[in-house]
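Have a look at the model below. What follows is a short, friendly walk through a few of its features.

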Amino acid sequence: MPKPTTTVTFPSVEDVAQSPAFPTAMWQLVPHQSGLLPVGAGRGGPVDISWEVHGDGPVKLILICGLGFFKTAFQRQTMYFGHVRGSKYSVLILDNRGMGGSSKPLTRYSTSEMARDILEVADRIGWTSPRQLHVCGISMGGMIAQELAYLAPHRISSLSLICTAAWIENTTSFAENMANRVTMLLPKSLDRSVQYAAGAIFPPDYLAAADSAVVPDSSVPKCNIPAGGYGMFKSNYERFAAQELTKQRDKDGFTKSGFLLQLIAAGWHRKSPEQLKELADKVGHERIMVLHGTDDGMISTHHGRQLIEYLQPGQGLIVEGLGHAPINERTQWFNELLEARCLLGETLNER
């Protein structure tokens, strides 16, 4: 019997912008450290990378953004690890080149160059010890995470690859996805592009459901609480649309050229089966997790199964009904899963 479908009626982005919750969609999580670091000298730089560290604990976690993400996309994980548990974790979030507060050079981008950017930032903030880095990347960020682990396998304590691919197979569905993502750059298509992105990233049931975000309150350290507190939207779709609209209204942070250059980097990413085996052997299979959902409309489940086949990770999860963004869709479950991966890495380090 076919799975029943949920029909979602999307409000317009203008309606979302009128929501009382809209001004509080982005949480004011105050970093413990932040800056703009020039990287890439000798490889086409300098490129300024905007970075923040939340928390001051001994466990070092790097969260790597996907295509077109700002570092604030990880605000639910940033709060969980870097604020509520900030005495245990230090969380590095950054804008990849081409997005947010980072430079947007008009040159060829690659996932390996973006990985080198992140390693330089880690070096500059003193995260240089062996087996110190817990690296988690989602979508294109998972591609960058593969490159980072390939470049510096002995610095990896745990590696979590979320809804990503070793390479994107040239399928019609992917070509259609990318064509639709490009329409996000056209102002007249804003409603359609946000709706398309939502539909590709999240299952319909999640979008239609009441807003499930657990917003910060006064108990969260180093978080500014606006007058009246952080508001709730009517649905998960509205919260996603509010964050997308906030991002796209930032004309300096979100540019057509930056988006397209990141898109090219993701499209050209490739790690061969031989490279993935080498990566896993050097990092340690038990330190690696691959997670993918069966309802991922952005990168098909086949790509997750392929990564599991070639990496033979300690934990390989194909989750029924999960979309492309478990960081939002199943926040508490995902955070606890990532926390367990960090604990495993720390435990292995003490062997």
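## Where H3 meets H4

The crossing of helices H3 and H4 is a right-handed one. Keep in mind as you look around that this is a predicted model. H3 covers residues 111-124, and its axis comes within 8 Å of the axis of H4, with a crossing angle of roughly 70°. Angles from 65 to 115 degrees count as roughly perpendicular, so H3 is roughly perpendicular to H4.

Which residues make this contact? From H3 come Thr111, Ser112, Met114, Ala115, Arg116, Ile118 and Leu119, while H4 brings Met140, Met143, Ile144, Glu147, Leu148 and Leu151. Sorted by class, the contact of H3 with H4 has nine nonpolar residues, two polar and two charged.

## Gln146, inside H4

Let's stay with H4 for a moment. Gln146 sits in this helix, which spans residues 140-151. Is Gln146 buried or exposed? Its relative accessibility is 0%, so Gln146 counts as buried.

Setting aside neighbours within four places in sequence, Gln146 is in contact with Leu161, Thr164, Ala165, Ala166, His269, Lys271, Leu276, Leu279 and Leu307. There's a link back to H3 to note as well: Gln146 and Ser112 are 34 residues apart along the chain, and their C-alpha atoms are separated by 8.7 Å.

## Backbone oddities

A couple of backbone angles are worth a stop. Ser139 lies in the loop between E6 and H4, and its phi is near 60°, a positive value in a residue other than glycine. With a relative accessible area of 9%, Ser139 is buried. Arg131 also has a positive phi, near 55°, and isn't glycine either. You'll find Arg131 in the loop between H3 and strand E6, which runs over residues 133-138.

Then there's a cis peptide bond, which joins Gly45 and Pro46 with omega at about 10°. Pro46 belongs to the loop between strand E2 (33-39) and strand E3 (47-54).

## H2 and its partner H13

Now over to helix H2. This helix is mostly covered, with nine of its ten residues buried. The buried ones are Gln75, Arg76, Gln77, Thr78, Met79, Tyr80, Phe81, Gly82 and His83.

H2 (residues 75-84) and H13 (residues 331-349) have axes that come within 11 Å and cross at roughly 50°. The two helices are therefore oblique to each other, and their crossing is right-handed. On the H2 side, the contact is made by Arg76, Gln77, Tyr80 and Phe81; on the H13 side, by Thr331, Gln332, Phe334, Asn335, Glu336, Leu338 and Glu339. By class, that contact of H2 with H13 has four nonpolar, four polar and three charged residues.

## Aromatic rings

How many aromatic pairs turn up in a search of the whole structure? The search finds seven. One of them is Phe202 with Phe240, an edge-to-face pair with 5.4 Å from centre to centre and 75° between the planes. This pair ties together distant parts of the chain, 38 residues apart: Phe202 is in the loop between helix H6 (190-201) and helix H7 (204-208), whereas Phe240 is in helix H8 (residues 236-248).

Both rings belong to buried residues: Phe202 has a relative accessible area of 2%, and Phe240 has 9%. Elsewhere, ring pairs link Tyr80, Phe81 and Tyr89 into a cluster. You've met Tyr80 and Phe81 already, as H2 residues in the contact with H13.

## Asn328 and Ser300

Asn328 is a good place to pull some threads together. Asn328 is found in helix H12, residues 326-329. At 12% relative accessibility, Asn328 counts as buried. Not counting residues up to four places away in sequence, Asn328 touches Ala73, Arg76, Phe202 and Tyr206. Two of those names should ring a bell: Arg76 is one of the buried residues of H2, and Phe202 is in the edge-to-face pair with Phe240.

Last stop: Ser300, in the loop between strand E9 (288-293) and helix H11 (301-311). Ser300 has 32% relative accessibility, so Ser300 counts as partly exposed. How far apart are Ser300 and Arg76 in sequence and in space? They are 224 residues apart in sequence and 25 Å apart in space, C-alpha to C-alpha.

Definitions and conventions
Residues numbered from 1 in each chain as written. Predicted model: local features only at pLDDT ≥ 70, side-chain atom pairs only at ≥ 80, totals over all residues. Heavy atoms only, no water. Axes fitted to C-alpha atoms, helices over the stretch in contact; angles between N-to-C directions. Helix = DSSP H or I, 4+ residues; strand = E, 2+ residues; numbered from the N terminus. Parallel < 35°, antiparallel > 145°, perpendicular 65-115°, else oblique. Left-handed = near helix turned anticlockwise from the far one by under 90°. Contact = heavy atoms within 4.5 Å. Nonpolar A, V, L, I, M, F, W, Y, C, P; charged D, E, K, R; others polar. Phe/Tyr/Trp six-rings, centres within 6.5 Å; stacked < 30°, edge-to-face > 60°. Buried < 20%, exposed > 50% of the residue type's maximum accessible area, 1.4 Å probe, protein only.
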